[in-house]
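User: Could you take a close look at one part of this model for me? I'd like the strand that sits in the middle of the early pairings, and then whatever else is worth pointing out.

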Amino acid sequence: NDKTDVLEFDRLLSNDPLTDATLFDVGPGKKMLTTRVPETETNKVWIYAKNEHGVYSEESHYDFKDRVARNGGSVFKVNDTFYRPAQICNHTYGEGLCIQKVNYNQGKISFTEVRRIVPPKGWQRIHTLNSLGSVTVVDLGRDKYPILSKCFRAIRASILILIGEKNRINN
């Protein structure tokens, strides 16, 4: 709410368990790019379309060669070209960002990788790039105790393997 600066529920966009969804206009209508729970750091991005009731439903999906499907910010436009920042999650969360050109041809969306961005020296993670007007926000992270963090990640991975949840190791 602009007057009270309070977040208010407006409407439900989808009944699916989505993660890091981003909306943009392409072709004849609005689209949503998203990953879904429980596979949030995967190689599959889901493409949703908005129906006449304002609800988004699954239209298709796109499979990448590696784990770069999770959104890393909003789709942005430079000249007449859309770009999508995506999180690189091949080994760990926040491993880097992958900037992808969004292609729209004959009603189908596809992606072309343009560039990869890794965290600057002294940082372990980069996972968000967003802009609004003249402000750009980059979300970086680092571990206060890197050795302990590696140990905890190894213990977590071992537990996930033991309980048969190997696919969740990087989540």
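Analyst: Here is a walk along strand S2 and the loop after it, followed by the other sheet and the cysteines. Keep in mind that this is a predicted model.

Let's start with S2 itself, which covers residues 29-36. S2 is mostly covered, with 6 of its 8 residues buried. On one hand there's strand S1 (residues 18-26), which pairs with S2 in the antiparallel sense through 7 bridges. The two make a hairpin with 2 residues between them, and Gly 27 in that turn has a positive phi of about 60°. On the other hand there's S3, also antiparallel to S2, this time joined by 4 bridges. Lys 31 is a handy residue for seeing both pairings: Lys 31 is the bridge partner of Phe 24, and Lys 31 also has Ala 49 in S3 as a bridge partner.

Now follow the chain out of S2. Thr 42 lies in the loop between S2 and strand S3 (44-50). Is this loop residue buried or exposed? Thr 42 counts as buried, because its relative accessibility is 16% and the cut-off for buried is under 20%. As for its surroundings, leaving out residues up to four places away in sequence, Thr 42 touches Thr 35, Asp 66, Arg 67, Val 68 and Ala 69. There's a side-chain link as well: Thr 42 and Asn 43 share a polar contact of 3.3 Å.

Further along, there's an open sheet of 4 strands, in the order S5-S6-S7-S8, with antiparallel pairing. Strand S5 (76-78) and strand S8 (108-117) are at the edges with a single partner strand each, so each has one side without a neighbour in the sheet. On average, neighbouring strands here are turned by 35° against each other, direction ignored. For S8, take a look at strand S7 (residues 96-105): the two run antiparallel and are joined by 9 bridges. One of the pairs to pick out is Lys 101 with its bridge partner Thr 112 in S8.

Last, the cysteines. The disulfide count comes to 0. Cys 89 is in no disulfide, and the nearest cysteine sulfur, that of Cys 98, is 11 Å away. Cys 98 is in no disulfide either, its nearest cysteine sulfur being that of Cys 89, at 11 Å. Cys 89 is buried, with a relative accessible area of 0%, and Cys 98 counts as buried too, at 1% relative accessibility.

Definitions and conventions. Residues are numbered from 1 along each chain as its sequence is written. This is a predicted model: local features need pLDDT of at least 70, side-chain atom pairs count only at pLDDT 80 or more; totals for chains, interfaces and linings use all residues. Side-chain values use heavy atoms; hydrogens and water are left out. Buried means under 20% relative accessible area, exposed over 50%, partly exposed in between (1.4 Å probe, protein chains only). A polar contact is a pair of N or O atoms within 3.5 Å; within protein, one must be able to donate a hydrogen and the other to accept it, and residues adjacent in sequence count only if both atoms are side-chain atoms. Contact means heavy atoms within 4.5 Å. Two strands pair if DSSP finds at least two bridges between them. Axes are lines fitted to C-alpha atoms, for helices over the stretch in contact, and angles run from 0 to 180 degrees between N-to-C directions. A disulfide is a pair of cysteine sulfur atoms within 2.5 Å.
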